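The exercises below concern aromatic contacts and a pocket, and each is followed by a worked solution. Please try each task before reading on.

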Amino acid sequence: KKTSRQPAPETDADSGSPEPTAGTKEKAKAKPKSRPKAAAPAKDPKGPRTQKTQKAKEATKSQPAKEAAKGKKAAPKASKTSSAKTKEDVYKLLINAEEPEECRIAMLENGRLEAFYIETVSRERTKGNIYKGRVVSVETNLQAAFIDIGTGKNAFLPFSEIHPEYYSAELPDNRHWKDVNFKESLKIGQEMLVEVVKETTGNKGANITTFLSLPGRYVVLMPGSDSHGISRQIESQEQRKKLREMLESCKLPEGVGYIIRTASKGITKTALTKDVRFLIKLWGDIRKRGQSEKAPALVYGEQNIVTRFLRDHFTADIKEIQVDSDDSFRQVKDFMDLLPAAQQKKTAVHLHKGPRPLLNSHNIEEQIEQIYRPTVKLPSGGSIVINPTEALVAIDVNSGSTGRDKKFAETIFLANMEAAEELARQVRLRDLGGLIVIDFIDMRSAAHIREVEKKVKSSMKRDKAKIDFARISKFGLMQISRQRMGSPIAARNYVTCECCKGRGIIRSVETQALSCLRQIQTGISRKNIKTVHCRLPMNVSQYLLNRKRTELAELEKHYGAAVNIEIVPAMLPADSEIDFLKK
């Protein structure tokens with residue numbers, strides 16, 4: 001959402017000072033002549049002190065007239081300055097699709113990265129795909145069913161997301177779906193059309209629903225639903241009424257609902273009708289394919305990242321689009337052809353052919369790399385540390401060197417205000433969802449706490465995800481619940497470390513060597529062990545052979561078995577193989 005800066009209201013340089021009138025000027029000129037009479041000591045019965053007071057009063061009376069006269073001369077200069085227009089924000093869209101393995105899209109606001117999307121060949125996107133699935137199991141305790149959609153992991157289908165048409169028994173008109181016996185409503189092996197609403201994360205399968213939705217540029221079609229809605233961003237009642245009448249004239253099929261999107265603001269009836277007809281035809285094709293395909297099968301795949309981004313995120317604020325591949329350039333041009341002619345003129349589309357890579361030429365590669373780092377520096381010297389975990393995302397605010405030699409309360413407040421703005425941007429860029437807990441630096445002032453809360457909320461207004469806020473607690477913690485739009489961006493092109501298994505730390509050489517020694521001691525004590533063969537990393541093997549040779553020799557002598565240690569340089573630090581061979 002564009003945040004336009006309004007020009008400062010014009011202010012007169014003599015604000016607060018009255019415009020001098022002709023009478024005032026004459027009075028100001030006449031005062032020096034009257035001063036000798038007023039200051040004559042013979043006529044003042046109260047002495048010199050009263051004379052000084054009288055002079056001060058006269059000087060005070062003449063001061064506004066002098067200031068007003070000065071202000072009147074300076075007014076034209078102030079007016080010229082205040083009338084200057086403020087520079088508008090410049091939005092650019094960069095699409096880096098030169099390499100077939102990866103596509104990156106960056107949105108810039110005045111050269112600063114504000115949105116980033118990436119899609120790689122190694123990680124297939126499934127959100128928005130429609131599958132023909134088969135019921136594998138029905139879990140009454142979870143009030144959910146597991147559906148095989150052919151992606152390797154069974155998808156999770158909550159009971160509340162099952163359309164009544166899939167109930168195995170007919171539901172009476174006066175009976176609510178919550179009163180239905182869940183286990184009897186579905187049968188093992190039953191087939192249904194489902195849509196992925198949340199992608200696979202970790203060991204969890206995808207979340208799916210039977211309430212399908214087909215998004216277009218201006219309308220979202222919802223087959224099997226009777227609900228109708230219009231985006232809240234369209235506030236004008238006249239515009240809402242006009243859009244509703246335009247859509248109702250399209251004569252949607254029975255049992256198909258819709259949501260009119262924000263992009264339809266000011267759109268023509270022709271463009272809206274064209275979008276609706278395309279979606280109706282698409283739904284017909286999906287339904288036919290769903291009847292002919294054998295479950296599990298992919299019935300409809302979402303569009304590629306370029307078309308999908310333009311459909312969902314393009315706004316009139318974008319003044320320029322730069323692309324570095326011919327295929328993506330054609331996709332952008334095809335999309336622009338669907339827009340009104342006035343909008344096409346406002347947005348320029350260019351094919352990048354410079355010697356430097358597209359994103360590097362705009363100096364934003366460093367900003368992209370910052371997305372994957374846990375620590376983010378703040379302008380005044382503080383920092384925030386972001387740690388995603390299985391249960392929640394923890395964000396810690398550190399003051400660092402913020403505001404040295406300043407008041408303590410103001411220093412803390414400054415660090416928290418900067419952190420509030422930056423963490424909203426980082427959460428959006430990294431696409432972090434679920435529960436987010438922010439550990440702000442403790443503030444004693446209630447006014448400061450309220451200002452930080454307002455800053456967090458205002459900074460997150462441009463986020464498309466649904467967000468719920470809680471107040472800052474007495475411990476300085478603020479909880480935020482953010483809708484999961486997809487898997488975190490780091491999970492899309494990063495893999496778990498083979499050495500530490502995702503922990504970020506590994507055992508020291510001493511600890512690893514002693515652990516292997518204890519395994520040898522435990523195994524060799526069993527009966528009929530002839531040989532212990534160990535395949536260990538180089539540093540662990542050297543530690544045992546150099547520092548634990550005496551202990552190994554005693555074990556061989558006591559149990560009458562041989563202990564052989566083989567050095568494997570290619571073995572990972574945390575790996576080990578110990579075999580016990582019997583006689």
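**Exercise 1.** Decide whether Y494 is buried, partly exposed or exposed, and describe its pairing with Y372.

*Solution.* Y494 has a relative accessible area of 47%, and because buried means under 20%, exposed over 50% and partly exposed in between (1.4 Å probe, protein chains only), Y494 is partly exposed. Y372, at 18% relative accessibility, counts as buried. The model is predicted, so local features need pLDDT of at least 70 and side-chain atom pairs count only at pLDDT 80 or more, whereas totals for chains, interfaces and linings use all residues. Residues are numbered from 1 along each chain as its sequence is written, and side-chain values use heavy atoms, with hydrogens and water left out.

For the pairing, rings of Phe, Tyr and Trp (its six-membered ring) pair if their centres lie within 6.5 Å, with planes under 30 degrees apart counting as stacked, over 60 as edge-to-face and the rest as tilted. Y372 and Y494 lie 5.0 Å apart centre to centre with 20 degrees between the planes, and the pair is stacked. The pair links distant parts of the chain, 122 residues apart: Y372 is in the loop between α10 (365–370) and β16 (375–377), and Y494 in the loop between α13 (489–493) and α14 (509–524). Helices (H or I, at least four residues) and strands (E, at least two) are DSSP runs, numbered from the N terminus.

**Exercise 2.** Determine where the second largest pocket lies and which residues are nearest its centre.

*Solution.* A pocket is, on a 1 Å grid over the protein atoms alone, an open set of points where a 1.4 Å probe fits, with protein on both sides within 12 Å along at least five of seven lines, and lining residues have an atom within 4 Å of a point. The lining comprises 36 residues, and P388, T389, P488, A490 and A491 lie nearest the centre. The elements giving two or more residues to this lining are β17 (383–388) and α13. Because domain 2 (129–167 + 183–300) and domain 3 (373–493) both give residues to the lining, the pocket lies between them; these bounds come from an automatic or database domain assignment.

**Exercise 3.** Place R484 in the chain and classify its exposure.

*Solution.* R484 lies in the loop between β21 (477–482) and α13, and at 35% relative accessibility R484 counts as partly exposed. The C-alpha atoms of R484 and D431 are separated by 7.6 Å, although these residues are 53 residues apart along the chain.
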